[in-house]
Amino acid sequence: MTEPAFLSNARIVLINTSHPGNIGAVARAMKNMGISDLCLVAPQQYPHERAVWRAASAVDILDNATVVETFEEAIADCGLVVGTSARGRRIPWPLVNPRVCAEKIVPELPQHKVALVFGREDRGMTNEELQRCNLHVNIPTSEAYSSLNLGMAVQVLCYELRMAAIADSLTADEMAEWDTRLATNDEVERLFTHLEQTLIDMEFLKPEAPKQLMNRLRRMYSRIRLDDLEVQMMRGILSTTQKWVQKARDNDT
Ligand code: SAH
């Protein structure tokens, strides 16, 4: 059987991994499933011989891995970012299981890079990191013990991705006829910064008591999946709003 196309656009991101052996296990899990783009965000011990041992015949994945300092760098060029979590968080986000997650991801792979993000062995992903994601995936487990080993969690997700890629002929893509590309993560990030500043200028958002406003707005926009023209349009609306706020201020003085 030929390799399923476009799995090259799937990126595994590991945040702040403490055990180098786990990085090796992840490389192996990825290579078994035909996924090769590994990005390590500030790994605690890397490169390391334990990573090489555990990678076995997947050392090439380690050799080609990218190491970056921040989570933002790891996902900047991705059109879809999926976070993983072993437990529920305070603000619920769109949450799926690995199978549904893979079915959502695979049709998008021909269009843009998709990041699957995994957290620290001891603490998982922070709420702030999870809020940077469009979608959250949870591997259903026994309630008695919900936290999988990092390498095992990556294996489950990569397996489902491969299964969906094999099954999917890529024709059922709901965005295939779209007239423009989806916005990248950093474009959406800049929109949020602009939105936050405008809300402050309007005195709608009080920086001293922001509550959950920005998080809730983020969640709302993550559900929409903005395209690049929509981001430009929103930025234009925000700039005009800021202009009028300034004019009103000038008239008051
Ligand atoms: N104690 C941490 C778990 C860390 S396990 C916590 O409570 O969040 C390390 C990583 O493996 C997690 O950040 C996540 O990326 C992945 N992982 C482990 N169990 C998982 C599960 N049941 N569903 C989804 N991801 C899981």
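Which side chain meets that of Arg162 in a salt bridge? In this predicted model, the partner of Arg162 is Glu3, with a nitrogen-to-oxygen distance of 3.1 Å. Arg162 belongs to helix α7, whereas Glu3 sits in the segment before β1, so this pair ties together parts that are 159 residues apart in sequence. Arg162 has a relative accessible area of 14% and is therefore classed as buried, since the limit for that class is under 20%.

The contact between Arg162 and Glu3 is one of several of its kind, for the structure holds 14 salt bridges. Another is formed by Arg11 and Asp37, whose closest N and O atoms are 3.0 Å apart. Arg11 lies in strand β1 and Asp37 in strand β2, so the salt bridge ties together parts that are 26 residues apart in sequence. Both of these residues, Arg11 and Asp37, are buried.

A further salt bridge links Asp60 with Lys31, and here the closest N and O atoms are 3.0 Å apart. Asp60 is part of helix α3, which covers residues 59–63, and Lys31 is part of helix α1, so the pair ties together parts that are 29 residues apart in sequence. With a relative accessibility of 33%, Asp60 counts as partly exposed. Lys31 is likewise described as partly exposed, its relative accessible area being 38%. Salt bridges also occur as a network, in which Glu72, Arg132, Glu189 and Arg218 are linked.

Attention may now return to helix α7, which spans residues 150–167 and contains Ile166. On the surface, Ile166 forms a nonpolar patch with Tyr159 and Met163. Together, the three residues of this patch have about 270 Å² of accessible area. Ile166 has a relative accessible area of 40% and is partly exposed. That value satisfies the condition for patch members, because these must have over 30% relative accessible area.

The next topic is the packing of helices. Two packed helices are described by the angle between their axes and the distance between the axes. How do helix α8 and helix α9 cross, and within what distance do their axes come? Helix α8 comprises residues 185–201 and helix α9 comprises residues 213–224; their axes come within 11 Å and cross at roughly 140°. This angle makes α8 oblique to α9. The crossing in which α8 passes α9 is right-handed.

Helix α8 also packs with helix α10, which runs over residues 228–252. For α8 and α10, the angle is about 20° and the axes are 10 Å apart. Helix α8 is therefore roughly parallel to α10, as angles under 35 degrees fall in that class. The crossing of α8 and α10 is left-handed, whereas that of α8 and α9 is right-handed.

Several loops contain backbone features that merit attention. In the loop between β1 (10–15) and α1 (20–32) lies Asn16. Its phi angle is near 55°, a positive value in a residue other than glycine. Is Asn16 buried or exposed? Asn16 has a relative accessible area of 19% and is buried, because the limit for this class is under 20%.

A positive phi is also found at Glu203, a residue other than glycine, where the angle is near 65°. Glu203 is located in the loop between α8 and α9, and these are the helices whose axes cross at roughly 140°. Its relative accessibility is 52%, so Glu203 counts as exposed. Thus Asn16 is buried, whereas Glu203 is exposed.

A third loop, between β2 (37–41) and α2 (49–55), holds Pro47. The peptide bond that joins Tyr46 and Pro47 is cis, with an omega of about -5°.

Helix α2 contains Glu49. With a relative accessible area of 52%, Glu49 is exposed. Glu49 also gives a sense of the extent of the model: between the C-alpha atoms of Glu49 and Ala248 the distance in space is 63 Å, and the two residues are 199 residues apart in sequence.

How values were computed
Residues numbered from 1 in each chain as written. Predicted model: local features only at pLDDT ≥ 70, side-chain atom pairs only at ≥ 80, totals over all residues. Heavy atoms only, no water. Patch = residues over 30% accessible without salt bridge, like charges linked within 9 Å, V, L, I, M, F, W, Y side chains within 5 Å. Areas by Shrake-Rupley, 256 points an atom, 1.4 Å probe, with all protein chains shown as cover. Salt bridge = Lys/Arg side-chain N within 4 Å of Asp/Glu carboxyl O. Helix = DSSP H or I, 4+ residues; strand = E, 2+ residues; numbered from the N terminus. Buried < 20%, exposed > 50% of the residue type's maximum accessible area, 1.4 Å probe, protein only. Axes fitted to C-alpha atoms, helices over the stretch in contact; angles between N-to-C directions. Parallel < 35°, antiparallel > 145°, perpendicular 65-115°, else oblique. Left-handed = near helix turned anticlockwise from the far one by under 90°.
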